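Here are my notes on the structure, as requested. They are set out as numbered points.

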Amino acid sequence: MSTKTPNGLDKLGLKDIGDVYYNLSYDELQAHEVNSGECKISTSGTAMCDTGIFTGRSPKDKYFVDQAPSNEHIAWGDVNAKIDKKIYDELLDLTLTQLSGKNIYVTDVYAGASSASKRSVRFISEVAWQAHFVKNMFIRPTESELEKFEPEFTVYNACKTVNEKYKEHGMNSDVYVLFNVEDNVSIIGGTWYGGEMKKGIFSMMNYWLPLEGKLSMHCSANVGADEDVCLFFGLSGTGKTTLSTDPHRALIGDDEHGWDEHGVFNFEGGCYAKVINLDKKSEPEIYGAIVKDALLENVVADGNGLVDYTDGSKTENTRVSYPIEHIENHKKDLQAGHPNNIIFLTADAFGVLPPVSKLSKEQAMYYFLSGYTAKVAGTERGITEPVATFSACFGEAFLPLHPTAYAKLLGEKIDKHAVNVYLVNTGWTGGAYGVGKRMSIKDTRACINAILDGSINKSEFDVTKTFHLNVPKTLGDIDPNLLNPRNAWPNKEDFDVQRDKLAEMFIKNFHRYDDNGGEFDYSSAGPQL
């Protein structure tokens, strides 16, 4: 057992601390997980945990303490709700009480691979698999770094307690995820879901870095043999992890990055991939990463530990976290130069957007601020109508500042580094969900490869109606009828109706930026009816 002791243990505010398990090794963590009954082991040697009734984040339970000077920067509203300092103090006491008198796991990590931008973060929990999750997802300090580690931000995860006074406090539920920017503390209660810790630190990086003139991004990134860098923006389910994990390119990271004067750097030291319907043939790198030291969430396995990745009975959001070292071809220092290409990924369930479009600078700003994807409305028989989702900058749920703060930085960097920007639809073609079919990974890969090797620039381009997107007439072995989506629909009039319907949704959503001045009036770069 580890005998290391963290610095500043007396500053945590905890009383009568039991055993302190500090930055345990993977072997030690797995022993704790199994012996406590928290986890079972799969046939691949991977620990399997359940996250309880919460199998995803609780965005309506996230609050920032309303105090100066952070309240002058935070964009208050549905995404960033206010909480009074007195209520925070009360819930901090509840959190510390829950963690006092317990054996605790203390895990010290870094967020940010760049020495100029990284933050040192300390996580405290009483659950072994949560320490495992943190170890997977963040950058692991060396032994010598741990000896002098001083946390700049602390996360207290008291998942086993709830706020019984939430109605009195005017909160949404008995779950709480609170951020005190001035004190550099986050507290979590009522939810066991590990993603709250991951995205909580992402939210803080999204606060800190733009105020330093650095762009924080919800994107994956990889780099080719010629040091050409590509960023993949996209919401959950659009293919960020799958498409950036490429045997011919080194993975920088699959989800969260910064972009400063030196280039792109990963915030994390691991990957967090969806595994529902995971297929070894189509996603061999992710499948191969699910071995010992990885952590599976909410999957269904038989008595021998054989996982059925097609079983979504617990949740469709089954996931695996693993150290990035499990991807054989990854960038060892998690950093690279400035991007050559940026790809916006969308899963358009309306079947309207082309598989690939080349965007102008103005269109890039429009689609970045729109952050569009679409989700299927439900799985009940007869319900086939997709639901449009607009999430500014492809990650609005994690943006403490106004979306235009991030868009301004992106626009400056696109101009400075002459970056090419593309929109890639990984969703439906030949009809909307329930009528058409999902884009094949093979065709999407072909679009991505054409962007990366530059061959797309040798194509002749058409301009689509209404959306005015530049689409190649031909592209490698892809069926030309797929490239212009109208041609893929058997009934062209039905396509026109669906296209105009989606255009109206885009236009309505973009009105949110009407009051942000001429600098962000990119509405003319979007669809026109």
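The points below cover two sheets, two helices and one residue in a third helix.

1. The model is predicted, and the points that follow should be read with that in mind.

2. One open sheet is built from five strands in the order β2-β3-β17-β20-β16, and its pairing is mixed. At its edges stand β2 (39-41) and β16 (270-274), each of which pairs on one side only. On average, and ignoring direction, neighbouring strands here are turned by 25° against each other.

3. At one edge of that sheet, β16 pairs with β20 (residues 319-323) in the antiparallel sense, over five bridges. Cys271 has Tyr322 in β20 as its bridge partner.

4. Helix α1 (residues 26-35) lies across four strands, namely β2, β3 (47-49), β17 (295-297) and β20. The helix runs at about 115° to β2.

5. A second open sheet has eight strands, ordered β1-β6-β7-β8-β10-β9-β4-β5, again with mixed pairing. Its edge strands are β1 (20-22) and β5 (81-83); each has a single partner strand, so one side of each is left without a neighbour in the sheet. The average turn between neighbouring strands of this sheet is 25°, direction ignored.

6. Within the eight-stranded sheet, strands β9 (residues 176-180) and β10 (residues 185-189) run antiparallel and are joined by five bridges. Val177 is bridged to Ile188 in β10.

7. Helix α3 lies across β6 (104-111), β7 (119-125) and β8 (153-158), at about 10° to β6.

8. How do α1 and α3 run relative to each other? Their axes come within 9 Å and cross at roughly 150°. An angle over 145 degrees counts as roughly antiparallel, and the two helices are therefore roughly antiparallel to each other. The crossing of α1 past α3 is left-handed.

9. Which residues make the contact between α1 and α3? From α1 come Tyr26, Leu29, His32 and Glu33; they meet Ala128, Trp129, Ala131, His132, Lys135 and Asn136 of α3. By class, this contact has five nonpolar, three polar and two charged residues.

10. Asp494 sits in helix α13 (residues 492-510). Is Asp494 buried, partly exposed or exposed? Its relative accessibility is 43%, so Asp494 counts as partly exposed. The cut-offs behind that label are under 20% for buried and over 50% for exposed. Between the C-alpha atoms of Asp494 and Asp302 the separation is 45 Å, and these two residues are 192 residues apart along the chain.

Technical notes
Residues numbered from 1 in each chain as written. Predicted model: local features only at pLDDT ≥ 70, side-chain atom pairs only at ≥ 80, totals over all residues. Heavy atoms only, no water. Buried < 20%, exposed > 50% of the residue type's maximum accessible area, 1.4 Å probe, protein only. Pairing = 2+ DSSP bridges. Axes fitted to C-alpha atoms, helices over the stretch in contact; angles between N-to-C directions. Contact = heavy atoms within 4.5 Å. Parallel < 35°, antiparallel > 145°, perpendicular 65-115°, else oblique. Left-handed = near helix turned anticlockwise from the far one by under 90°. Nonpolar A, V, L, I, M, F, W, Y, C, P; charged D, E, K, R; others polar.
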